[in-house]
Amino acid sequence: MARARFLLRPRWLLSHLLVVALVVLMVNLGFWQLRRLDERRAFNDLVEGRMDEPVVAIDELVGPGDGDAAVDAARFRRVSATGTYDDDATVVVRNRSQDGRAGAWLVTPLTLAGGDRVAVVRGFVGFADDGSIPQPPAPTGPVTVQGLGLDPGRLGSTAARDVDALLAEDGVLPALVQAEASTPPDAGPGPDIDDDGAVTEPSAAAEEAGLATVARPELGEGPHLGYAVQWFIFSTIAAGGYALILRRQIVARAREGEDGEPGDGGPPRPGTRGPVARGALTR
């Protein structure tokens, strides 16, 4: 142990602290990725569980003026709505992307039989060649829409701002409907959806208009587990590698017999040699 006293010198102590801080940081990053994985799995369980529930009318889950709890309970539920579109009140929700295309969502209020309205995400449209957003008209007359309930507050700040004015109007439900089927068919969602949630193929009108059904949320676990393993491996390499460096330094000084020599203030700098052996001739 006497030959390791040089490791208590200031520059070596600083080196120890830096390595310890680095290892602690990498370990915490690993646990952070594991927490992200747990959150992702909980999200997947929530979505799958709610999609397994039967279809329910959206106005049976939420009503105008309902708070966050009601909106959250309707999130990812399979819902339906029957009414008439107010095409003139369509809102374009920009900064959306799907299948590698940049574009927007078309959100049109649907007036229900009781007079309340619900904002329906009719579909996704990509930019036209001139940079504009195409707006194919909504179906006229009575329409039945089936899809997923959405919480507008969880769509990102840009989307939330785009629909805020519509949702603030009197008689508008605070939740959105992400349309996956429409009868009669829209220029986007297919005409039918079965009890298992399988959506029909897009119609020819949808392809021509460029209005596509908005994709359901992805339920994969992502790269979090792999990233966590990498951070733990990095921390192990850093700790083990540094311990090996210290051992080699101790052995080298023991062989040279230079432990405790004045002027040996810390770890060797790159491009420099170790201390001259005791008794070596100098010129």
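**Exercise 1.** In this predicted model, work out which parts of the chain the salt bridge between Arg117 and Glu169 ties together.

*Solution.* Start with the atoms: the closest N and O of Arg117 and Glu169 are 2.2 Å apart, and the cut-off for a salt bridge is 4 Å. Next, place the two residues. Arg117 sits in strand β5, while Glu169 is in the loop between α4 (157-167) and β7 (172-183), so the pair links parts 52 residues apart in sequence. Finally, check the surroundings. Buried means under 20% relative accessible area, so Arg117, at 15%, is buried. Glu169 comes out at 38%, which makes it partly exposed.

**Exercise 2.** Now take Arg122 and find where its salt-bridge partner Asp87 lies.

*Solution.* The side chains of Arg122 and Asp87 meet at 4.0 Å, N to O. Arg122 belongs to strand β5 and Asp87 to the loop between β2 and β3, so this pair ties together parts 35 residues apart in sequence. As for accessibility, Arg122 has 0% and counts as buried, whereas Asp87 has 31% and is partly exposed.

**Exercise 3.** Trace the strand partners of β4, and say how many bridges each pairing has.

*Solution.* Go partner by partner.

- β2 (residues 78-85) pairs with β4 in the antiparallel sense over three bridges; here Tyr85 has Leu110 of β4 as its bridge partner.
- β3 (residues 91-98) is also antiparallel to β4, with six bridges, and Val92 stands opposite Leu106.
- β5 (residues 117-126) runs antiparallel to β4 and is joined to it by nine bridges; Leu110 faces Val118 there.

Put the Leu110 entries side by side: this residue of β4 partners Tyr85 and also stands opposite Val118 in β5. Then ask how covered the strand is: nine of the twelve residues in β4 (residues 101-112) are buried.

Last, look at the turns. The β3-β4 hairpin has two residues between its strands, and Asp99 takes a positive phi near 55°. In the β4-β5 hairpin there are four residues between the strands, with Gly115 at a positive phi near 105°.

**Exercise 4.** Which residues join Asp151 in a network of salt bridges?

*Solution.* Begin with one pair: Arg154 and Asp151 meet in a salt bridge at 3.3 Å, N to O. Shared partners then bring Asp72 into one network with Asp151 and Arg154. Arg154 is partly exposed at 49%, but Asp151 is buried at 15%. For the whole model, the count is eight salt bridges.

Definitions and conventions:
Residues are numbered from 1 along each chain as its sequence is written. This is a predicted model: local features need pLDDT of at least 70, side-chain atom pairs count only at pLDDT 80 or more; totals for chains, interfaces and linings use all residues. Side-chain values use heavy atoms; hydrogens and water are left out. Buried means under 20% relative accessible area, exposed over 50%, partly exposed in between (1.4 Å probe, protein chains only). Two strands pair if DSSP finds at least two bridges between them.
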